[in-house]
Amino acid sequence: MVNVMDLPEEEFIYPGTRACAGCGMALIYRIALKALGAKTLITVPASCLTVLHGMQGFCSTKISVYHTPFATTGASASGILASLEDKGLEDEITVLAFAGDGGTTDIGIQALSGAAERETNFIYACYDNEAYMNTGVQRSGSTPLGVKTTTTPEGKLVHKKNMPKILEAHGIPYVATGIASYPLDLYEKFKKARDIHGSKYFHILSPCPPGWGYEPKDTILIGRLAVQTGFWILYEVENGILKLSRASSRYLDPSKRKPIEDYLMAQKRFSQMTQQEIEVYKTYINDMWADINRRIQNQD
Amino acid sequence: MTDSKKDYQKILGSVQKPVIGEAGKTGTWSSKKPIIDLSKCTPVKSGKPSCFNCWLYCPEAVVSRTIPPQIDLEHCKGCGICMEECPVKAITMEEVKSE
Amino acid sequence: MTAIEEKKADLNENIMILTGNHAAAHAFRQAKVGVISAYPITPQSPVVEKIAEFIAEGKLKARFVKVESEHSALAVCCAASATGSRVGTATSAHGLELMYEMLPWAAGNRLPIIINLATRSLGAPWSVWTDHSDFITIRDVGWIQFMCENNQEIYDTNLQAFKIAEDPRVYLPAIVAYDGYILSHTMMPVKLENQDKIDEFLPPLNHHINLSDISQVKGIDPVTTPHIVKRTEGTAPGYYEYRYALQKSLESSIDIIKEVHDEFARKFGRSYGNGIYKKIQTEDADTIIFAMGSVSSQARVAIKKLREEGLKIGIVSLKLFRPYPFKELREFFKDKENIIVFDRDIGYGYEGVLSYELKAALYSLKERPNIKGFIVGLGGRDVKTEHIITGVHKALDEFKQGIFTNETDFLGLRLDELSDYDESTYFKRG
């Protein structure tokens with residue numbers, strides 16, 4: 001278990017970025033870069049992270065980044081790695097792809113799947129703010145049921161895609177979930193992933209104050225509620241073995257979970273949900289946990 | 001700059017170099033700023049490097065992991081996460097006049 | 001490839017009997033391409049199959065990223081080029097169209113990537129046979145575009161293309177095209193050059209960007225606003241300036257294309273006109289056929305017959321399609337009387353692209369030649385000598401009558417055989 005003093009003091013993002021105040025993604029990115037260090041090359045598709053990186057001429061990060069079109073993150077990372085291999089530098093430099101949920105679960109899924117199938121030696125991190133925030137909050141394949149977006153004014157009618165499971169099905173050596181609210185957990189996982197050879201996938205829930213409809217100060221609180229209500233489960237799957245992360249392990253017991261209403265009602269995006277839909281969520285969460293539980297039982 | 005070959009070959013791909021405050025003085029985004037009451041701050045009181053939640057949770061890297069923690073108010077966007085995450089409620093958000 | 005050819009493959013500086021696709025693959029091998037990424041598509045696939053073979057046999061030390069789509073293929077190429085490697089791929093038709101988003105990206109990022117294009121018509125409906133529809137669709141994205149007429153030219157143009165694309169006065173991607181099947185799958189003698197000589201001609205890439213040097217932190221291709229950005233740390237151009245520079249570099253690359261072509265000719269003893277277009281029996285000609293690729297090749301046969309009829313006719317076969325060599329063409333055509341253009345493509349909604357672009361290029365001449373365009377050979381329909389002869393006669397006849405039109409005129413159509421065809425017998429409408 002890492003402690004706050006174990007994290008490097010060095011920052012790889014300079015203050016004064018274009019990210020919104022209280023941005024979950026900015027915190028996730030800051031912690032991930034601390035874990036990976038300076039010997040990293042990053043590729044980023046069109047997303048809020050493009051905005052954080054800044055406009056022409058000047059950027060806010062101390063690590064080189066290749067901006068790439070929306071659908072190509074997995075391919076772009078493969079290209080960087082192939083060139084590093086061509087130059088014999090593949091063991092010295094970590095390749096990191098960082099994309100949003102739209103860029104991962106929707107338009108980028110093919111390139112990501114291809115890269116994972118090729119056992120590309122890289123880390124792919126999806127920061128999931130559960131909609132196309134950068135273009136004005138349209139629904140994505142990762143938007144949860146009931147969420148009001150600019151393209152689901154009535155609330156989204158179907159559940160989000162389970163992306164970590166899809167990546168697990170590729171048989172890659174490491175899949176982990178994370179959330180902005182547990183930075184030490186994130187740090188540990190990124191550090192571990194750096195030293196694993198092959199494709200590593202992170203799916204990180206990224207609370208978004210303007211998109212989700214809460215005060216910027218509550219980013220950590222909202223994310224913690226996602227974990228405490230059991231809506232978001234922190235775990236890692238190493239070579240097929242699933243391990244619940246510390247912050248989530250106690251919520252295997254349903255009685256320990258806070259009511260889902262605590263999470264949903266704290267955000268404007270869920271505000272028009274009916275009691276019936278909330279009941280659907282209860283089943284959804286129980287099913288998710290039952291699945292996790294079944295796996296834990298069966299792998300012993 | 002002229003039309004000569006030499007000059008336009010200076011403009012190739014759009015590239016960036018790192019700067020502090022890429023978006024400018026983002027401290028101006030909010031009038032409220034975190035002020036630390038050092039008499040309550042854990043590392044200040046204990047004199048030992050500890051807690052530093054304000055540093056850990058800051059999405060902007062504007063807090064230093066020092067005793068006492070320093071906040072770069074020129075770039076702090078005033079989100080208030082540090083106030084929320086301070087376990088001893090040493091941080092309050094106060095109106096600060098920007099320069 | 002036969003066993004004898006396989007043995008010969010070990011020996012460079014040798015004449016081999018190769019398909020166009022394999023000529024391209026050999027050029028990639030001898031250019032020592034560092035990263036290749038491709039997706040199979042007919043009729044290009046043998047290029048990358050051959051490259052995979054070279055890598056497996058240790059004849060080429062390259063990384064071959066076998067991607068799940070052409071969009072990814074070019075995305076891999078862009079990122080690998082930006083990381084500092086010499087990079088190339090090959091595709092056809094739908095593959096090129098799927099790459100489309102990445103084409104202006106590569107050009108805008110000024111990445112010297114080489115694509116080999118075995119041309120093929122675009123669906124719908126499905127067709128695997130050649131025309132130049134795919135090639136012409138990418139004319140507005142900022143790539144240098146070459147069209148070849150034989151397999152030796154494919155090999156030679158590839159070697160030149162890398163040198164041109166990587167020239168610090170250029171830094172642009174380039175595409176080397178050749179007709180699907182007609183060249184891609186047809187065997188011809190190709191002289192492979194000595195590796196040392198090629199290494200002299202084509203030194204290692206010295207890229208303007210190189211992400212692999214992590215001592216220099218860079219962001220590449222960020223959001224670039226309409227404005228100039230000025231800060232105490234420096235000044236950065238706006239999008240408009242980047243695109244101006246791209247266009248100016250493309251325009252001026254013509255000189256470097258000629259220069260590299262001439263250097264190649266001196267070193268290896270083979271040339272292709274002036275590197276921009278090839279003239280065939282034009283010295284005494286007042287009438288010129290203007291075409292590219294397989295159509296020019298067929299016209300070579302046609303002019304023999306037309307000359308027997310007493311016509312003073314020659315051919316200009318366009319090798320460089322982009323940047324469009326308007327000055328050179330204007331200079332060449334200023335004294336000519338008649339131009340008959342044969343397009344194996346259509347700028348749909350207007351006319352054949354070679355035709356309307358040449359008309360525009362010659363507009364500023366005081367005395368403009370007569371120009372008529374014909375459409376030929378779409379979807380692999382044979383372009384026959386008689387079609388070209390018919391076209392020339394018809395055009396000269398119309399010029400005499402003072403008929404000048406932009407309306408398309410198709411040669412080799414067989415509508416007369418379709419009297420019993422009607423789509424409504426397949427799908428009854430309500």
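The C-alpha centres of domain 1 of chain C and domain 2 of chain C lie 28 Å apart, and the first exercise starts from this pair of domains. The model is predicted, so that local features need pLDDT of at least 70 and side-chain atom pairs count only at pLDDT 80 or more, while totals for chains, interfaces and linings use all residues. Residues are numbered from 1 along each chain as its sequence is written, and chains are lettered from A and ligands numbered from 1 in the order in which they are written.

**Exercise 1.** Describe the side of domain 1 of chain C that touches domain 2 of chain C, by elements and by residue class.

Solution. Begin with the bounds: domain 1 of chain C covers 3-201 and domain 2 covers 278-416, as given by an automatic or database domain assignment. Next, count the contacts, for which the C-beta atoms of two residues, placed from the backbone, must lie within 7 Å; 18 residues of domain 1 of chain C are then in contact with 19 residues of domain 2 of chain C. Helix H7 (133-137), strand E6 (144-147) and strand E7 (174-179) of chain C each give two or more residues to the domain 1 side, where helices (H or I, at least four residues) and strands (E, at least two) are DSSP runs numbered from the N terminus. E6(C) gives the most to this side, with 4 residues. Finally, sort the domain 1 side by class, which yields 8 nonpolar, 6 polar and 4 charged residues; Ala, Val, Leu, Ile, Met, Phe, Trp, Tyr, Cys and Pro count as nonpolar, Asp, Glu, Lys and Arg as charged, and the others, Gly among them, as polar.

**Exercise 2.** Give the strand order of the open sheet of 7 strands in chain C, and explain which strands stand at the edges.

Solution. The order in chain C is E3-E2-E4-E5-E7-E6-E15, with mixed pairing, and two strands pair if DSSP finds at least two bridges between them. E3 and strand E15 (320-322) of chain C stand at the edges, each with a single partner strand, so one side of each is left without a neighbour in the sheet. Neighbouring strands of this sheet are turned by 20° against each other on average, direction ignored. Within the sheet, strand E5 (residues 114-119) of chain C runs parallel to E7(C) and is joined to it by 6 bridges, and Asn116(C) stands opposite Val176(C) in E7(C). Helix H3 (residues 46-56) of chain C packs on the sheet, touching E2, E3, strand E4 (87-91) and E5 of chain C, and its direction makes about 135° with that of E3(C); the axes are lines fitted to C-alpha atoms, for helices over the stretch in contact, with angles from 0 to 180 degrees between N-to-C directions.

**Exercise 3.** Show how E9(C) takes part in pairing with chain A and with chain B.

Solution. Consider chain A, of which 38 residues are in contact with 41 residues of chain C. On the chain C side, the largest share, 9 residues, comes from H4(C). Strand E3 (residues 65-68) of chain A runs parallel to E9(C), with 2 bridges joining them, and Tyr66(A) stands opposite Ile220(C). Turn then to chain B, where the contact takes 12 residues from chain B and 24 residues from chain C. E1(B) supplies the largest share of the chain B side, 4 residues. E1(B) pairs with E9(C) in the antiparallel sense over 2 bridges, and Gln16(B) stands opposite Gly219(C).

**Exercise 4.** Work out why strand E5 (residues 122-128) of chain A is largely enclosed, and identify its pairing partners.

Solution. A residue is buried if 20 or more other C-beta atoms lie within 10 Å of its own, exposed if 12 or fewer, and partly exposed in between, with C-beta atoms placed from the backbone. In E5(A), 7 of the 7 residues are buried, so the strand is largely enclosed by the rest of the structure. Phe122(A), Tyr124(A), Cys126(A) and Asp128(A) point one way from E5(A), whereas Ile123(A), Ala125(A) and Tyr127(A) point the other way. Strand E4 (residues 94-100) of chain A pairs with E5(A) in the parallel sense over 5 bridges, and Phe98(A) stands opposite Ala125(A). Strand E7 (residues 199-205) of chain A also pairs with E5(A) in the parallel sense, over 7 bridges, and Tyr127(A) stands opposite Ile204(A).
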